[in-house]
Amino acid sequence: RRMCIRDRVRTCPAPEFVIIPLVGRWGRNPEPVVKKGDGVLRFQLLAKDHDGYSSPIHSPVSGTVEDIREMPQVDGTKVLSIIIQNDRRNTEVHNPLGGFDTASPDGLLKLIEAAGIVGLGGAQFPTALKYTITNKPVETIIIDGVECEPYLTTDDALMSQSTGELLQGIRIAEHETRTKRK
């Protein structure tokens, strides 16, 4: 564990091609809104769900949609996937919704939903749905940074190396949930 913690988190070089599987919740997979040959920008919408159960999927790179076809997953099943050739420019799409710091809680909820932010558990539950469960202010937010396995140190490393971003995320969550205690 100590060996893992002392090393800095590194960013891997972007691959020449990225394959984005269109996997949603409860068997409801998002549908592509791009087609083969389209140019895409980083963070551009690639696929969306039409019934609200899955989050939208965005491009992690700028480049060209080389193909949309079924691709094998880790478990051997095949799922429709968007294949993008990375142009390595990382040209980003303009965000017409603005930033979190000027948004009302309702506006922030729309930003979270449009961004496709999901939980990191296996279910990838849409974060916007979590915030719409109740419309009452939250009494207290609990930040759980405890690792569940002795050699999983990613959360620990990210919390210690990206503390400012973590605190910013907590402030966003407090704003969205109208937290009373801070």
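Begin with the contact map of this predicted model: among contacts between residues at least 6 apart in sequence, 58% join residues at least 24 apart. Keep the whole protein on screen for a moment. Buried residues make up 26% of its 182 residues. The accessible surface comes to about 12,500 Å², and 54% of that belongs to carbon and sulfur atoms.

Now switch to a cartoon view. You should find 5 helices and 7 strands, running from the N terminus as α-β-β-β-β-β-β-β-α-α-α-α.

**Stop 1: the sheet of 4 strands**

Select strands 1, 7, 6 and 3, in that order, to see an open sheet with antiparallel pairing. Its edges are strand 1 (17-21) and strand 3, each of which pairs on one side only.

Walk across this sheet from strand 1. Strand 1 and strand 7 pair over 5 bridges; show I20 and you will see I82 of strand 7 opposite. Next, strand 7 (residues 78-86) meets strand 6 in an antiparallel pairing over 9 bridges. Here D67 stands opposite I83 in strand 7. Finish with strand 3 (residues 39-40), which pairs with strand 6 (residues 63-72) over 2 bridges; G39 faces T64 of strand 6.

Before leaving, zoom in on the hairpin of strand 6 and strand 7. It has 5 residues between the strands, and one residue to pick out is G76, with a positive phi near 95°.

**Stop 2: the sheet of 3 strands**

Select strands 2, 4 and 5. They form another open sheet, ordered 2-4-5, with antiparallel pairing. Strand 2 (31-32) and strand 5 (57-58) are the edge strands. Strand 2 joins strand 4 (residues 45-48) through 2 bridges in the antiparallel sense. Which residue of strand 4 is the bridge partner of P32? Select A47 to see that partner.

**Stop 3: salt bridges**

The structure holds 4 salt bridges, and three make good stops on this tour.

Show the side chains of R42 and E92, which meet in a salt bridge at 3.2 Å, N to O. Why is this pair worth tracing along the chain? R42 lies in the loop between strand 3 and strand 4, while E92 lies in the loop between strand 7 and helix 2, so the pair ties together parts that are 50 residues apart in sequence. R42 is partly exposed, with a relative accessible area of 25%, and E92 is partly exposed as well, at 45%.

Move to K35 and D38, whose closest N and O atoms are 3.2 Å apart. K35 is exposed, at 54% relative accessible area.

Then pick R89 and D87, where the N to O distance is 3.8 Å. R89 is exposed, with a relative accessible area of 63%, whereas D87 is partly exposed, with 30%.

**Stop 4: helix 5**

End the tour at residues 163-177. Helix 5 has 15 residues and spans 21 Å from its first C-alpha to its last, close to the 21 Å expected at 1.5 Å a residue. Colour I170, A173, E174, E176 and T177: these residues of helix 5 are buried. Looking down the axis, you will see that they cover an arc of only 165°, which puts them on the same side of helix 5. To see what covers them, add helix 2 (105-115) and helix 3 (127-131), which are included in that cover. Last, step just past the end of helix 5 to R178, which takes a positive phi of about 55°.

Notes
Residues numbered from 1 in each chain as written. Predicted model: local features only at pLDDT ≥ 70, side-chain atom pairs only at ≥ 80, totals over all residues. Heavy atoms only, no water. Expected span 1.5 Å × (residues − 1). Buried < 20%, exposed > 50% of the residue type's maximum accessible area, 1.4 Å probe, protein only. Arc of directions from axis to C-beta. Contact = heavy atoms within 4.5 Å. Pairing = 2+ DSSP bridges. Areas by Shrake-Rupley, 256 points an atom, 1.4 Å probe, with all protein chains shown as cover.
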